[in-house]
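Here is a friendly tour of one model, written for someone who likes to look at binding sites, voids and strand pairings in turn. Have the viewer open and follow along.

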Amino acid sequence: MSYVDEVYERVVAQNPAQPEFHQAVKEVLESLRVVIEANEEKYKKEALLERITTPERAILFRVPWVDDKGQVQVNNGYRVQFNSAIGPYKGGLRFHSSVNLGIIKFLGFEQIFKNSLTGLPIGGGKGGSDFDPKGKSDREVMAFCQSFMTELYRHIGADTDVPAGDIGVGGREIGFLFGQYKRIRDSYEGVLTGKGLTYGGSLARTEATGYGLLYLTQELLKCNGKELAGKTVVVSGSGNVAIYAIQKAQQLGAKVVTCCDSTGWVYDPEGIDVAVLKDVKEVKRARLTEYVKARPNAEYHEGKGVWSVKCDVALPCATQNELDLEDAKTLVSNGCFCVCEGANMPTTLEATEYFQKNGVLFCPGKASNAGGVATSALEMSQNSERLHWTFEEVDAKLQGIMVNIFHNLDDAAKKYGMEGNYVAGANIAGFLKVAEAMEAQGIV
Ligand code: NDP
């Protein structure tokens, strides 16, 4: 059995009932096969793959809090510090009822390679809880965040581990978490990113993941002799990533006709109105049925359906495994020629393979959504300098980083004889830097 297969089997055996983690490991190891086989003896002796697929530390903790009725509630808290070879652990916190250890491990594992691809000195980590802020009062969210941080604070720090937002963790939650950290530690430090602008946040961080996705998509299309302007785009999700992806796609001349949330989806033939969408999702925190009230020519449908809409470019920006093989077949038969992931692992392995076999330009999230974490790293730099950069400065750096990421993965794919396979390119480029740093630091 090859070393890659041996390690994959070990991961499955040692991490039972964690299908998302197995899926992420399989995708990465499969595309690294050529690199691993060229160095098999050395990597095997050093157990490099066993080490890179095992978190340096995984912290599980109880989060008790009191709801508005006086009832004590208990949630599970997680922080997985996966790999610190190239910098302090960095990765978001996810608050959603589906969160479990396997999901946090899949996200933390992906984060290692994503962070490496940014070219910035950040290691990989991820955390969160099965607490869902939806439907909770501000006081309940604050009570939960304070309890969560009362345990987490001892494991994080500006030079150790710097969490940020993810699904269910936006500006409100980061504010409550930061306030509690500062209170317990009596230290004003850049321990979280995605902070508000009045207390150390970076301009353009809110927009960064969605904008970065479009900067990379534009470069990918350009390098393949196509352009974004004038194209029809379908987007899934209606959260932070989706909203700013829609906004930037429209600024670059594309027409975005869909968005969705976990209960339904919208088709707006005239193009999504971002101001209305922001009002519904960021201000009212309401369902998408409110969107069509303000846009009478738009349609609202219950359930899943954005991938059935005819388009040139698809940008999945909601959650993992939201685009499966059937969806991929529909998109291809409708003429879609480019898919770039805004969410983490939104496309199943079968759907990814189908896109690649059918000539669709496909970019994995660990490259195309890296603008968020890259700008978080820029927030860390500003916090260390105690300076604020302008929106234009941060946005220009973000554009440069995304263009650079695309060329890194394009070059890596070409170098290893897999031109146009951006999944392999991203995994190889991300892996090589981390592997070299791990080897240089000895057996730790
Ligand atoms: P948000 O919580 O802001 O938004 C998530 C969106 O996805 C919401 O519209 C949500 O709907 C929808 N959604 C969640 N689950 C489903 C589902 N099962 N079916 C359909 N829609 C669903 O999260 P973000 O926008 O921050 O994150 C989206 C994705 O991007 C995640 O995969 C995240 O890991 C990834 N990402 C985020 C980064 C960031 O900077 N925020 C950085 C890099 C990656 P509802 O409101 O109904 O829950």
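## Before we start

Helices here are DSSP runs of H or I with at least four residues, and they are numbered from the N terminus. Please keep in mind that this is a predicted model.

## The ligand and its shell

Let us begin with the ligand, which has 25 residues around it. The closest of them are Lys-134, Asp-166, Thr-209, Ser-262 and Arg-287. Two helices each contribute at least two residues to this shell: helix H8, spanning 205-223, and helix H9, spanning 240-251. Sorted by class, the shell contains 11 polar, 8 charged and 6 nonpolar residues.

Which residues place an N or O atom beside an oxygen atom of the ligand? Arg-287 does so with a polar side-chain atom, at 2.7 Å. The side chain of Lys-134 has an N or O atom 2.8 Å from a ligand oxygen, while Val-241 uses a backbone N or O atom, at 2.9 Å. On its own the ligand has 890 Å² of accessible area, and the protein covers 83% of it.

## The second largest pocket

The second largest pocket is worth a visit too, with a volume of about 430 Å³. Its lining is made of 23 residues, and those nearest the centre are Gly-190, Met-380, Gln-382, Asn-383 and Ser-384. Which element gives the largest share of this lining? That is helix H15 (residues 371-385), with 7 residues. By class, the pocket lining has 12 nonpolar, 7 polar and 4 charged residues.

## An enclosed cavity

Rolling a probe the size of a water molecule over the atoms shows where empty space is left. In this model, 1 cavity reaches 30 Å³ or more, and the largest cavity holds about 120 Å³ of space. Of the 15 residues that line the largest cavity, Glu-27, Glu-341, Met-345, Thr-347 and Thr-352 lie nearest its centre.

Helix H2 (19-38), helix H13 (349-357) and helix H14 (365-368) each bring at least two residues to the cavity lining. The class count for this lining is 5 nonpolar, 6 polar and 4 charged.

## A parallel sheet

Now for the strands. An open sheet is built from 5 strands with parallel pairing, in the order E7-E6-E11-E12-E13. Its edges are strand E7 (255-256) and strand E13 (361-363), each of which pairs on one side only.

Strand E12 (residues 338-340) meets E13 through 3 bridges in the parallel sense. Here Val-339 sits opposite Phe-362 of E13.

## Antiparallel pairs and hairpins

Strand E1 (residues 57-66) and strand E2 (residues 72-83) run antiparallel and are joined by 10 bridges. One of the facing pairs is Val-66 with Val-72 in E2. The two strands form a hairpin with 5 residues between them, and Gly-70 in the turn has a positive phi of about 90°.

A further hairpin is formed by E8 and E9, with 3 residues in between. Strand E8 (residues 258-260) and strand E9 (residues 264-267) run antiparallel with 3 bridges, and Thr-258 stands opposite Tyr-267 in E9. How many bridges join E9 to strand E10 (residues 299-302)? There are 4, and these strands run antiparallel. Gly-264 has Glu-302 in E10 as its bridge partner.

Key. Residues are numbered from 1 along each chain as its sequence is written. This is a predicted model: local features need pLDDT of at least 70, side-chain atom pairs count only at pLDDT 80 or more; totals for chains, interfaces and linings use all residues. Side-chain values use heavy atoms; hydrogens and water are left out. A residue is near a molecule or strand if one of its heavy atoms lies within 4 Å of it. A polar contact is a pair of N or O atoms within 3.5 Å; within protein, one must be able to donate a hydrogen and the other to accept it, and residues adjacent in sequence count only if both atoms are side-chain atoms. Accessible areas come from the Shrake-Rupley method with a 1.4 Å probe; for residues, only the protein chains shown count as cover. Ala, Val, Leu, Ile, Met, Phe, Trp, Tyr, Cys and Pro count as nonpolar, Asp, Glu, Lys and Arg as charged, and the others, Gly among them, as polar. On a 1 Å grid over the protein atoms alone, a cavity is a set of points where a 1.4 Å probe fits but cannot get out, and a pocket is an open set with protein on both sides within 12 Å along at least five of seven lines; lining residues have an atom within 4 Å of a point. Grid points are joined across faces, edges and corners, and a volume is the space filled by probe spheres set on the points. Two strands pair if DSSP finds at least two bridges between them.
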